[in-house]
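I sat down with this model and kept notes as I went. Here they are, in the order I looked things up.

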Protein chains: 2
Amino acid sequence: MIASTQTNHPIAGVKKDQSPVDVACYKLKEAGLRITQPRVAILAALIKAGRPTSIDALHGELGANSCDIVTVYRCMAAFESIGLVRRAFLINGTSLYEINLGDPNRYHVVCKQTNKVEELDADSANELRKAVQHIEETLRAKGYSEVGHIVEFFGKSPAGHRAQADVAVPSA
Amino acid sequence: MIASTQTNHPIAGVKKDQSPVDVACYKLKEAGLRITQPRVAILAALIKAGRPTSIDALHGELGANSCDIVTVYRCMAAFESIGLVRRAFLINGTSLYEINLGDPNRYHVVCKQTNKVEELDADSANELRKAVQHIEETLRAKGYSEVGHIVEFFGKSPAGHRAQADVAVPSA
DNA sequence: TTGCGAGTTGCAAAAGAATCGCTTCTAGGC
DNA sequence: GCCTAGAAGCGATTCTTTTGCAACTCGCAA
């Protein structure tokens, strides 16, 4: 939105003006993974979505001409293992994926009716993050390793009530 | 262990000496659900387990002579909807079920290697509970209804390291 | 005690998500 | 430009959970 953040600024160094996709690709390379056409496309779709997205939706977003859904599965597994994406869970056990370019953990509220995901407000998220980090430290102190967690909130969203008549999840 | 807590105390009233299974059955009836043989068996198994248990394990615990696994699925869904059981989630999307006879939310640490579940210490659980409740209130204030949450911690447990050579989850 | 009916169960089949095997392809170091 | 380990494509499979439908039974009432 602001001129100074645009790409291709004539004077800017290489580092400053990298697009999110470039950053993600750098992380891939850093982890020793190859930068392939499908992976770039998937990352671009993930970044464009800007919110937790299902593998199926992601695959759909790529267009039928693009890669196999199995590839999306495998990529998400790979990306998750290097921390490039974060996983969010739905009540039915399926999961959504969200790009992670270094920002702190995000917490979500998922609408029970539409599966639409909203982010928790900053204050709540911070309080929660504090509690969770404390617990994870306690666990490490007890001898646990590779500690991680899942936190999801669910509810019928007020927005969801309006959309109740809609057949599917609104796609934008 | 202590004499005064035993059942069948000659002087005790009917209410006091109910077994957990009786309490669970009462909750069933209260919710308008029928008390059937399979349900009682499932509840007994769940109570005996005393920890989050998979549907498959639960079905196995009942013995081959007992009810169909589909019935276990349906019962758990019914029990969960009336709050008689609580659900815990594994990273693979499957879930475990735990009896809920009225105690406050429990939080767990699941071993990444064995899927063995341990309970969080009381202090951590309380801190977490406070944060979570606060967030749920905030959500309700924003218009969300039927608010709920999932919280799970994962890690390689120190106990798990020892059991690493074991083929399956230790069953006791 | 007997009868009735809604709620439950059993069984078989289906649906769906995720994984696996294997061949072919390609990114990227030499 | 060549080579090879890693990645993608495609088909088939596994595993968990759900659904449909007929048969059964709990529990209320006569």
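The entries below go from conventions to the fold, the chain contact, the DNA and two odd residues.

**Entry 1: conventions**

I am working with a predicted model, where local features need pLDDT of at least 70, side-chain atom pairs count only at pLDDT 80 or more, and totals for chains, interfaces and linings use all residues. Residues are numbered from 1 along each chain as its sequence is written, while chains are lettered from A and ligands numbered from 1 in the order in which they are written.

**Entry 2: chain A on its own**

I started with the elements, taking helices (H or I, at least four residues) and strands (E, at least two) as DSSP runs numbered from the N terminus. Chain A has 6 helices and 6 strands. Read from the N terminus, their order is α-α-β-α-α-β-β-β-β-α-β-α.

Next I checked burial. I call a residue buried if 20 or more other C-beta atoms lie within 10 Å of its own, exposed if 12 or fewer, and partly exposed in between, with C-beta atoms placed from the backbone. Of the 172 residues in chain A, 26% are buried.

For contacts, I need two C-beta atoms, placed from the backbone, within 7 Å. Taking contacts in chain A between residues at least 6 apart in sequence, I find that 49% join residues at least 24 apart.

**Entry 3: how the copies relate**

I superposed the chains by least squares on the C-alpha atoms of residues with pLDDT of at least 70 in both. A turn of 180 degrees with a shift of 0.0 Å along the axis lays chain B on chain A, at an RMSD of 0.0 Å. That is the relation of a two-fold axis.

**Entry 4: where the chains meet**

How many residues does each chain bring to the contact? I get 32 from chain B and 32 from chain A. On the side of chain B that touches chain A, α5 (122-141) and β6 (145-156) of chain B each supply at least two residues. β6(B) gives the most there, with 12 residues.

I sorted that side by class, counting Ala, Val, Leu, Ile, Met, Phe, Trp, Tyr, Cys and Pro as nonpolar, Asp, Glu, Lys and Arg as charged, and the others, Gly among them, as polar. The side of chain B that touches chain A has 14 nonpolar, 12 polar and 6 charged residues. The copies meet through the same surface, because 100% of the interface residues of chain B are also interface residues in chain A.

I then looked at strand pairing, which asks for at least two DSSP bridges between the strands. β6(A) and β6(B) run antiparallel and are joined by 9 bridges. Along this pair, F153(A) stands opposite H149(B).

**Entry 5: a hairpin in chain B**

Strands β2 (residues 85-89) and β3 (residues 95-99) of chain B also run antiparallel, joined by 5 bridges. A88(B) of this pair stands opposite L96(B) in β3(B). The two strands form a hairpin with 5 residues between them. G93(B), in the turn, has a positive phi of about 95 degrees.

**Entry 6: the DNA strands**

I count a residue as near a strand if its C-beta atom, placed from the backbone, lies within 6 Å of it. DNA strand C has 22 residues around it, the closest being I35(A), L33(B), C67(B), D68(B) and T71(B). α4(B) provides the largest share of this surface, 4 residues. By class I get 10 nonpolar, 7 polar and 5 charged residues near DNA strand C.

Around DNA strand D there are 23 residues, of which L33(A), C67(A), D68(A), T71(A) and I35(B) come nearest. Here α4(A) gives the largest share, again 4 residues. The classes near DNA strand D come to 10 nonpolar, 7 polar and 6 charged.

**Entry 7: two positive phi values**

Most residues other than glycine have a negative phi. N115(A) is not a glycine, yet its phi is positive at about 65 degrees. I found N115(A) in the loop between β4 (108-111) and β5 (117-119) of chain A. With 18 C-beta neighbours inside 10 Å, N115(A) is partly exposed.

E146(A), likewise not a glycine, has a positive phi near 50 degrees. E146(A) lies in strand β6 of chain A. Is E146(A) buried or exposed? Exposed, because E146(A) has 10 C-beta neighbours inside 10 Å. Leaving aside neighbours within four places in sequence, I see E146(A) in contact with K112(B), G155(B) and K156(B).
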